[in-house]
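Here are my comments on the model you sent, set out as numbered points. I begin with the contact between the chains and then turn to the interior.

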Amino acid sequence: MADQDGVLDRYDNNTAGEPYVLRLFITGASPNSIRAVENIKSICDEYLKDRYQLEIIDIHQQPQLAEGEDVIAVPLMIKKSPYPERRMIGDMSDTQRVLKGLGLATNS
Amino acid sequence: MSKTQKKSSPILYGTLPKVLTGIVGLDEITEGGLPQGRPTLICGEAGCGKTLMSLEFIVRGAVQYNEPGVFVAFEEKSDELAMNVASLGFDLKKLQDQKKLKIDHVHIDRSEIEETGEYDLEGLFIRLGYAIDSIGAKRVVLDTLENLFSGLNNQAVLRMELRRLFGWLKEKGVTAIITGERGEGNSLTRQGLEEYVSDCVILLDNRVVNQITTRRLRVIKYRGTVHGTNEYPFLIDEDGISVLPVTSLKMANKVSTERISTGVKGLDDMLGGKGLYRGGSVLVSGTAGTGKTSLAASFANETCNRKEKCVYFAMEESPSQIIRNMRSIGIDLQKHIDKELLIFNASRPNLYGLEMHLVAMHKCIRKYKPSVVIIDPITNFINIGSVSDVKNMLVRMIDFLQEEGISVMFTALSLNTIVNEQTDEGVSSLVDAWILVRDIEFNGERNRGLYVMKSRGMKHSNQVREFVITNTGLTLVDVYLGPDGILTGSAREQQMLVEKTGEAIHSSAVNRKDREILRKRKVLEAKIASLHSEFESVEEELNKVYLEEELKKQILDRNREEVTRLRRGETAETTKKHPKNDGKANR
């Protein structure tokens with residue numbers, strides 16, 4: 001029960017203040033990767049100002065991480081926190097979908 | 001395995017290098033394995049052995065050919081895979097520790113993924129590239145690549161990336177296997193992977209006919225090389241996959257002129273006095289209880305006595321049952337089993353399909369390399385296939401055995417004693433020799449008769465011989481021709497007794513006559529002797545008369561001379577002047 005409460009708490013606090021931990025996997029300087037980095041940065045700056053950590057990983061440099069995180073399609077962004085974990089692939093150009101993935105969509 | 005290697009290596013064509021899979025039989029069908037450095041597609045329905053075949057390719061490569069491999073699993077987790085194949089003796093964990101194998105589990109779940117724009121599969125390429133480079137892999141398996149389609153939406157990207165993937169794999173120079181689920185209708189795979197992989201496509205199939213499942217394999221396409229085109233049954237058992245490439249009914253087998261005994265002296269005599277040809281096939285057919293198994297067992301016994309190996313496929317009785325039963329006729333099979341000369345392989349025909357039986361037998365024969373194989377009986381195969389199927393299977397069996405120079409004895413139960421021209425399995429035309437055992441019902445008892453229907457390449461007896469099973473084995477009684485034809489069983493014994501009596505009487509009669517002749521001869525001889533002496537006495541008598549006559553004549557002559565002289569007045573002194581007369585008188 002306590003756990004469930006915890007989960008609910010975290011959901012409640014979604015917009016409140018818990019920092020977003022994001023991990024973006026890219027492949028070098030491919031066009032998709034560059035666009036993805038630009039797009040996610042602008043989205044985060046607009047919606048999550050000052051409450052996100054964005055880690056950008058080039059799997060060309062660290063291929064062993066690709067296996068650990070089960071990367072297939074790139075660019076891939078994993079929302080580690082807050083719960084639940086979500087994965088987003090693509091160049092992050094579809095802002096609505098990115099927001100949905102981040103749990104920030106307003107359904108309107 | 002090494003035999004397979006040697007066999008197929010000279011067939012290699014310079015243009016297309018191949019990689020041995022190490023899977024029994026597959027290398028023969030593909031004449032050397034899969035195309036080196038190119039992707040091969042293995043497709044088939046669920047549960048037909050795609051994953052196992054591809055995994056065996058990787059494991060055998062790592063273990064036998066020192067070619068490390070990467071297995072990318074889209075379906076099963078590494079642990080699950082290891083567990084699934086542990087029963088086949090593949091220790092994936094150990095191979096992974098030795099850096100000969102790398103299993104990469106790729107998990108894609110559509111529900112967890114949000115597509116937010118353009119993407120590609122570079123991640124997969126990098127992972128794969130990293131895995132290949134980390135162990136120096138030569139072999140790669142992607143099982144099942146099509147799972148990508150269920151995880152990702154953008155078909156255009158996927159197709160483009162797959163095309164790129166296959167190009168990239170070729171560039172990497174790894175021999176790859178891609179597995180794919182069989183699609184609806186005629187398509188080989190659901191997502192049309194066959195259009196990307198164009199070098200080699202193998203289709204696996206799992207068919208149920210008459211409630212019996214048989215797995216089959218077919219090489220649909222193999223660019224730049226010849227390959228077997230038929231469907232080949234394959235077997236998955238504790239040693240992995242074995243495929244049976246029996247197609248080569250080339251009829252170019254070597255034949256032996258060596259003869260081997262059947263273990264029954266009388267039967268050897270019927271077969272030209274020397275028995276069967278080594279490497280030949282013989283069918284023993286007959287009605288129930290005519291001693292087919294006994295004949296087979298004595299053949300096995302004889303083989304083992306020669307210190308040769310024999311594999312006995314028992315399809316009806318359990319090994320211990322056969323051993324017990326044969327002991328009652330003085331054949332001890334247990335001692336041969338203890339010496340590992342005799343190998344029993346008992347299975348019910350319904351255990352699996354015909355093809356599987358063939359594969360299983362094939363495997364067993366390959367393993368033990370016997371010089372004689374016995375299949376007892378082949379009759380029940382008819383339960384699991386049509387006549388032509390059974391015949392087909394047995395043709396292939398005989399073909400394989402001949403190629404290996406192994407003699408084989410089949411037994412078959414003929415259900416109908418009237419139709420003895422054909423066995424139910426229709427193999428009578430295939431075998432080299434056909435021995436028929438049958439009941440001869442006569443005079444209120446049943447006896448066994450045996451005859452040789454045919455025996456290729458040797459002079460054989462055309463006689464029906466009585467076949468007797470005794471405590472000490474099998475014997476054939478000599479043909480017994482009574483006044484009313486062939487006699488068997490107690491009728492034969494009786495007739496023999498009658499004749500024996502007759503003979504005794506006859507011989508005593510002969511003796512009596514002999515004695516009479518002797519007596520007569522004696523009598524005659526005595527008569528001859530008496531006549532002889534009679535003749536002598538007559539002769540003497542005659543001689544006496546003659547002498548007397550002579551004397552008489554002399555005396556008369558003298559007297560006359562005397563008288564004459566006296567008349568002339570001569571004295572006795574003058575007579576002395578005529579000595580001639582004196583001499584005459586003296587005689």
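**Notes on the chain contact and the core**

1. In this predicted model, A:Ile89 stands opposite B:Glu115, a residue of strand E6 of chain B. The two strands concerned, E4 of chain A (residues 86-89) and E6(B), pair in the parallel sense, and three bridges are found between them.

2. Taking the contact between the chains as a whole, 29 residues of chain A are in contact with 21 residues of chain B. On the chain B side, strand E6 (113-115) and helix H6 (122-135) each supply at least two residues, and the largest share, six residues, comes from H6(B). By class, this side of chain B has nine nonpolar, eight charged and four polar residues.

3. Turning to the interior, the largest nonpolar core holds 160 residues, of which B:Val141, B:Val243, B:Ala300 and B:Ile374 touch the most other members. When residues up to four places away in sequence are left out, B:Ala300 touches B:Cys310, B:Tyr312, B:Leu333, B:Leu342, B:Val372 and B:Ile374.

4. Helix H10 of chain B (residues 292-305) deserves a separate comment. Its 14 residues reach 20 Å from the first C-alpha to the last, which is close to the 20 Å expected at 1.5 Å a residue. Is this helix enclosed or exposed, and on what grounds? H10(B) is largely enclosed by the rest of the structure, because 13 of its 14 residues are buried.

5. Just after H10(B), B:Lys307 takes a positive phi of about 65 degrees, and the backbone there may be worth viewing alongside the helix.

Conventions: Residues numbered from 1 in each chain as written. Chains lettered and ligands numbered in written order. Predicted model: local features only at pLDDT ≥ 70, side-chain atom pairs only at ≥ 80, totals over all residues. Core = buried A, V, L, I, M, F, W, Y, C linked by C-beta atoms within 7 Å. Buried ≥ 20, exposed ≤ 12 C-beta atoms within 10 Å, placed from the backbone. Contact = placed C-beta atoms within 7 Å. Helix = DSSP H or I, 4+ residues; strand = E, 2+ residues; numbered from the N terminus. Nonpolar A, V, L, I, M, F, W, Y, C, P; charged D, E, K, R; others polar. Pairing = 2+ DSSP bridges. Expected span 1.5 Å × (residues − 1).
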